[in-house]
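Please open the model in your viewer and keep the sequence panel beside it. The tour below moves from one selection to the next and says what is to be found at each stop.

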Amino acid sequence: MLNFFEIKNFLVQKIKRKTFLWNLIEYIQGTSFLLNYYVFYKYKLIKSKTSISEINIELVSYCNLRCKFCSLDHEKPKIRMTADILKQFLENILEDKHFRSVKTIHLFNGGEVLLHPKLEEFLGIIKHYKLKAQARNIKFPYITLLTNAIALTEKNSQKLIRSEIISSIRFSMDGGSREKFEEIRIGAKWNDFVKNITIFCELNKKSLMPMKTGIITLIEYEKKLNTKWMSEEFKKLLNMVDGYELRYAHNWGGDIEVEELKNKKSFKTSCSLLMNQLVLLPNGDITVCCADLNSKGVIGNITKEKLIDICYSPKRVEMLNKFVKGKKSEIDLCKDCETF
């Protein structure tokens with residue numbers, strides 16, 4: 001039986017685009033985008049908050065793997081976020097009432113979060129602001145983390161668990177078998193991955209505030225979005241966590257060529273990522289969405305501007321405006337993107 005995530009991904013990636021159901025999905029997404037555009041940007045009918053509901057924080061710009069389905073440019077400078085940048089950003093989130101709209105903060109983007117040498121200190125900074133928010137009766141965003149788990153040593157597992165600020169952690173585990181996992185996730189060793197996940201889950205279950213665990217699995221298009229064809233050891237690991245999500249690859253803003261997406265028509269009038277997301281990069285830059293792994297959509301820098309001014313920057317508003325006018329093709333970052 002398909003789980004919720006499998007059904008969702010079946011609908012958005014495999015359904016024929018000329019069907020009634022697909023048209024309905026497109027209509028609902030487009031209507032929501034237009035409503036948000038006119039309410040928050042065109043006429044500014046609601047001035048107390050923004051359309052931003054989730055923010056990604058990238059602590060490092062680099063990764064320890066070279067996955068086939070990832071667009072991260074490994075030649076770009078290796079940058080680690082400083083404590084001052086994180087504090088400045090969280091100060092904006094806490095003190096500016098506009099960002100009460102933010103429901104989730106994801107501690108990941110293109111770089112591997114566990115590679116930051118001051119990870120424990122950064123988790124402590126986030127906890128400080130969470131406690132500060134609670135003392136003022138302000139609801140702090142839900143914190144999630146995504147990792148490839150290769151650097152998820154027992155020591156790092158303990159750091160994450162001790163922090164008591166991460167509500168949900170997910171692991172990237174692609175392929176469907178040991179062989180496909182190592183073929184797709186170049187640089188990862190299956191046995192090390194299994195060991196790290198197993199130790200983390202054991203420690204997590206014993207903790208006072210266990211995190212919700214999950215796995216995201218990219219599979220090849222010729223395979224079905226279910227687990228029937230997967231190896232037994234792969235399925236065993238999927239069943240070790242609280243839930244899993246099976247996905248087909250997308251093309252990361254057009255940076256990755258996916259044969260199955262070449263002739264598919266992308267949304268012309270809407271993008272939930274552009275409307276609802278912002279991403280903080282290690283150097284303080286803010287880009288518009290998580291599909292932008294190589295800083296093509298940077299709209300400001302938190303060390304030079306307030307977050308609210310970046311959110312309403314002319315560049316971002318113009319990108320939204322072009323979507324509304326059906327001119328997605330004029331936006332370099334978005335023109336070839338197939339992200340739903």
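## A stacked tyrosine pair

Begin by selecting Tyr38, which is partly exposed in this predicted model, with a relative accessible area of 32%. Add Tyr43 to the selection: this residue counts as exposed, at 54% relative accessibility. With both side chains displayed, the rings of Tyr38 and Tyr43 can be seen to form a stacked aromatic pair, with 5.8 Å from centre to centre and 20° between the planes. A search of the whole structure finds 10 aromatic pairs, and for another place where rings come together, select Phe181, Trp190, Phe193 and Phe234, which ring pairs link into a cluster.

## Helix 3 against helix 4

Next, select residues 83–95, which make up helix 3, together with residues 119–135, which make up helix 4; the two pack at an angle of about 20°, and their axes are 10 Å apart. Because angles under 35 degrees count as roughly parallel, helix 3 is described as roughly parallel to helix 4. Turn the view so that one helix lies in front of the other, and the crossing of helix 3 and helix 4 is right-handed.

To look into this contact, show the side chains of Ala83, Leu86, Lys87, Leu90, Glu91, Leu94 and Glu95 on the helix 3 side, which meet Glu121, Phe122, Ile125, Ile126, Tyr129, Lys132 and Ala133 on the helix 4 side. Coloured by class, the residues of this contact between helix 3 and helix 4 divide into 9 nonpolar and 5 charged, with no polar ones.

## From helix 4 to helix 5

Keep helix 4 in the selection and add helix 5, residues 154–163. Helix 4 and helix 5 pack with their axes 10 Å apart and at an angle of about 10°, and are therefore roughly parallel to each other. From helix 4, the residues Leu119, Glu120, Leu123 and Lys127 meet Asn156, Lys159, Leu160, Arg162 and Ser163 of helix 5. By class, the contact of helix 4 with helix 5 comprises 3 nonpolar, 2 polar and 4 charged residues.

## From helix 5 to helix 7

Now hide helix 4 and bring in helix 7, residues 190–206, whose axis comes within 10 Å of that of helix 5, the two crossing at roughly 35°. The crossing in which helix 5 passes helix 7 is right-handed. For the side chains involved, select Glu154, Ser157, Gln158, Leu160 and Ile161 in helix 5, which meet Ile199, Phe200, Leu203 and Asn204 in helix 7. This contact of helix 5 with helix 7 has 5 nonpolar, 3 polar and 1 charged residues.

## The loop after helix 5

Follow the chain out of helix 5 to Ser167, which is placed in the loop between helix 5 and strand 4 (168–172). Ser167 counts as partly exposed, at 26% relative accessibility. Which residues is Ser167 in contact with, leaving aside its neighbours within four places in sequence? They are Tyr142, Ile143, Met211 and Lys212. A distance drawn between the C-alpha atoms of Ser167 and Lys212 gives 6.2 Å, although the two are 45 residues apart in sequence.

## Helix 11 and the glycine that follows

For the last stop, select helix 11, residues 314–324, and highlight its buried residues, which are Arg316, Met319, Leu320, Asn321, Lys322, Phe323 and Val324. Helix 11 is followed by Gly326, where the phi angle is positive, near 75°.

Terms used. Residues numbered from 1 in each chain as written. Predicted model: local features only at pLDDT ≥ 70, side-chain atom pairs only at ≥ 80, totals over all residues. Heavy atoms only, no water. Axes fitted to C-alpha atoms, helices over the stretch in contact; angles between N-to-C directions. Helix = DSSP H or I, 4+ residues; strand = E, 2+ residues; numbered from the N terminus. Parallel < 35°, antiparallel > 145°, perpendicular 65-115°, else oblique. Left-handed = near helix turned anticlockwise from the far one by under 90°. Contact = heavy atoms within 4.5 Å. Nonpolar A, V, L, I, M, F, W, Y, C, P; charged D, E, K, R; others polar. Phe/Tyr/Trp six-rings, centres within 6.5 Å; stacked < 30°, edge-to-face > 60°. Buried < 20%, exposed > 50% of the residue type's maximum accessible area, 1.4 Å probe, protein only.
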